[in-house]
Amino acid sequence: MSPPPESPPGFLLDAGDADVVLVVDDVPDNLAVLHDALDESGYTVLVATHGEAALERARQARPHLVLLDAVMPGMDGFEVARRLKADPATAAIPIVFMTGLTDAEHVVQAFAAGGIDYVTKPLRPREVLARIAAHLRAARAQAQARNALDAFGHATLVLRQRDGRRLWQTALARQLLREHFPEVPDEQLPAPLLAWVQEVAPEAASAAPTRQLQTPRGRLTLALHPMGEDDGAPSADGEWLLVLREASEAALMLALAQAFPQLTAREREVLYWVVQGKTNRDIGDILGTSPRTVHKHLEHVFEKLGVETRTAAAGVVMARMGR
């Protein structure tokens with residue numbers, strides 16, 4: 001069985017392409033089997049036969065998932081995974097390891113390097129396809145959540161407390177930090193933010209501390225949340241979720257106006273606060289009107305959006321503005 005050609009270095013993807021899987025293996029027969037199975041299932045398949053090529057393909061094409069051989073000559077899969085996770089451009093890509101090493105030590109090593117799952121050799125294509133489909137669904141849900149947060153001004157990132165490294169971040173988080181701290185590299189948390197995180201981390205496991213931070217560019221609101229454990233503690237690696245917001249909401253209202261031109265200005269205001277989880281009474285207090293008037297505006301919003309509930313209206317907004 002002849003192996004598929006290695007994907008060219010300049011290969012770029014269009015936004016409308018199918019889900020893209022990068023397969024990394026130094027064994028041609030494995031590449032051929034996986035390429036055929038994935039291609040027949042409707043995936044766009046990229047291949048690489050060594051670690052350096054895998055890193056280059058991932059940076060250029062931004063695949064939706066990497067299927068990575070653990071044991072390769074030269075740079076092994078564990079090191080490839082660590083480098084992918086250390087690069088903000090590729091850190092969010094899910095990695096599924098392929099390995100014949102099923103003892104506990106190597107399984108732990110795979111997860112420690114950033115893998116989310118592993119499949120054992122000899123490979124069973126149907127099992128591999130099922131694992132890939134499940135992880136791609138989860139990755140899409142996470143991406144939609146990040147896009148929705150961005151759409152409503154919640155710039156979100158995950159940081160590592162010990163060195164302030166940004167492990168992943170939404171586009172808005174990157175943009176805000178570039179604007180407020182232009183001298184700081186994209187992968188590093190600015191010193192004032194890291195100092196605050198380290199100060200409040202001991203109490204953040206039981207409560208989400210917030211702070212207003214003034215910069216030459218304006219004012220940022222910070223909120224710190226633990227992640228990775230069910231009991232509210234941070235992950236074992238000291239990872240935290242940091243949410244940033246700019247004080248001004250003018251840009252968000254402008255985005256709503258562009259996305260929903262059929263709504264009046266007041267209807268957009270009501271819709272905005274519905275998405276923020278406010279009740280009619282809350283919205284009335286904010287806008288200086290009665291809950292009954294808010295209810296009337298909301299009826300018009302429902303009619304124009306073709307929905308019947310507040311949850312459905314919020315879902316339409318998230319879907320439209322999360323694109």
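## Briefing: two sheets, their helices and the aromatic pairs

A search of the whole structure, which is a predicted model, finds three aromatic pairs. In one of them, the ring centres of Phe111 and Tyr118 lie 6.2 Å apart with the planes at 80 degrees, so this pair counts as edge-to-face. The structure also holds an open sheet of five strands with parallel pairing and an open sheet of five strands with antiparallel pairing, and the points below take up the aromatic residues and then each sheet in turn.

**Aromatic pairs and their surroundings**

- Phe111 is partly exposed, with a relative accessible area of 39%, and its ring partner Tyr118 is likewise partly exposed, with a relative accessible area of 24%.
- The rings of Tyr272 and Trp273 have their centres 4.8 Å apart and their planes at 85 degrees, so this pair, too, is edge-to-face; both Tyr272 and Trp273 are buried.
- The side chain of Tyr272 also makes a polar contact of 3.2 Å with the side chain of Arg245, a residue that belongs to strand β10.
- Arg245 has a relative accessible area of 18% and therefore counts as buried, since the cut-off for a buried residue is under 20%.

**The parallel sheet**

- The five strands of this open sheet follow the order β2-β1-β3-β4-β5, and their pairing is parallel.
- Strands β2 (44–48) and β5 are the edges, and each has a single partner strand, so one side of each is left without a neighbour in the sheet.
- From one strand to the next, the twist averages 20 degrees.
- Helix α1 (residues 28–40) packs on this sheet, where it touches β1 (20–24), β2, β3 and β4, and its direction makes about 165 degrees with that of β2.

**Strand β4 and its partners**

- Strand β4 (residues 95–99) is mostly covered, in that five of its five residues are buried.
- Ile95, Phe97 and Thr99 point one way from β4, while Val96 and Met98 point the other way, and all are buried; in a regular strand the side chains alternate between the two faces of the sheet.
- Strand β3 (residues 65–69) pairs with β4 in the parallel sense over four bridges, and Val66 has Ile95 as its bridge partner in β4.
- Between these two strands the chain passes through helix α3 (residues 77–86), and the resulting β-α-β crossover from β3 to β4 is right-handed.
- Helix α3 lies across β3 and β4 and runs at about 175 degrees to β4.
- Strand β4 is also joined by four bridges to strand β5 (residues 117–120), the two running parallel, and here Met98 has Val119 as its bridge partner in β5.

**The loop between α3 and β4**

- Pro88 has its place in the loop between α3 and β4, and its C-alpha atom is separated by 7.3 Å from that of Arg166, although the two residues are 78 residues apart along the chain.
- Leaving aside neighbours within four places in sequence, Pro88 is in contact with Gln169, Arg174 and Glu187.

**The antiparallel sheet**

- The five strands of this open sheet follow the order β7-β6-β10-β9-β8, with antiparallel pairing.
- The edge strands are β7 (165–169) and β8 (210–215), each of which pairs on one side only.
- Neighbouring strands of this sheet are turned by 30 degrees against each other on average, with direction ignored.
- Strand β6 (residues 155–160) is joined to β7 by four bridges in an antiparallel arrangement, in which Val158 stands opposite Trp168 of β7.
- Helix α6 (residues 171–180) packs on the sheet, touching β6, β7, β8, β9 (218–226) and β10 (239–246), and its direction makes about 80 degrees with that of β6.
- Helix α7 (residues 191–204) packs on the sheet as well, touching β6, β8, β9 and β10, and its direction makes about 35 degrees with that of β9.
- Strands β8 and β9 form a hairpin with two residues between them and pair in the antiparallel sense over six bridges, with Thr221 in β9 as the bridge partner of Gln212.
- Strands β9 and β10 pair in the antiparallel sense over seven bridges, and Ala223 stands opposite Val243 in β10.

Note on methods. Residues numbered from 1 in each chain as written. Predicted model: local features only at pLDDT ≥ 70, side-chain atom pairs only at ≥ 80, totals over all residues. Heavy atoms only, no water. Pairing = 2+ DSSP bridges. Axes fitted to C-alpha atoms, helices over the stretch in contact; angles between N-to-C directions. Contact = heavy atoms within 4.5 Å. Buried < 20%, exposed > 50% of the residue type's maximum accessible area, 1.4 Å probe, protein only. Right-handed = clockwise from strand over helix to strand, strands pointing away. Phe/Tyr/Trp six-rings, centres within 6.5 Å; stacked < 30°, edge-to-face > 60°. Polar contact = N/O pair within 3.5 Å; in protein donor to acceptor, adjacent residues only side chain to side chain.
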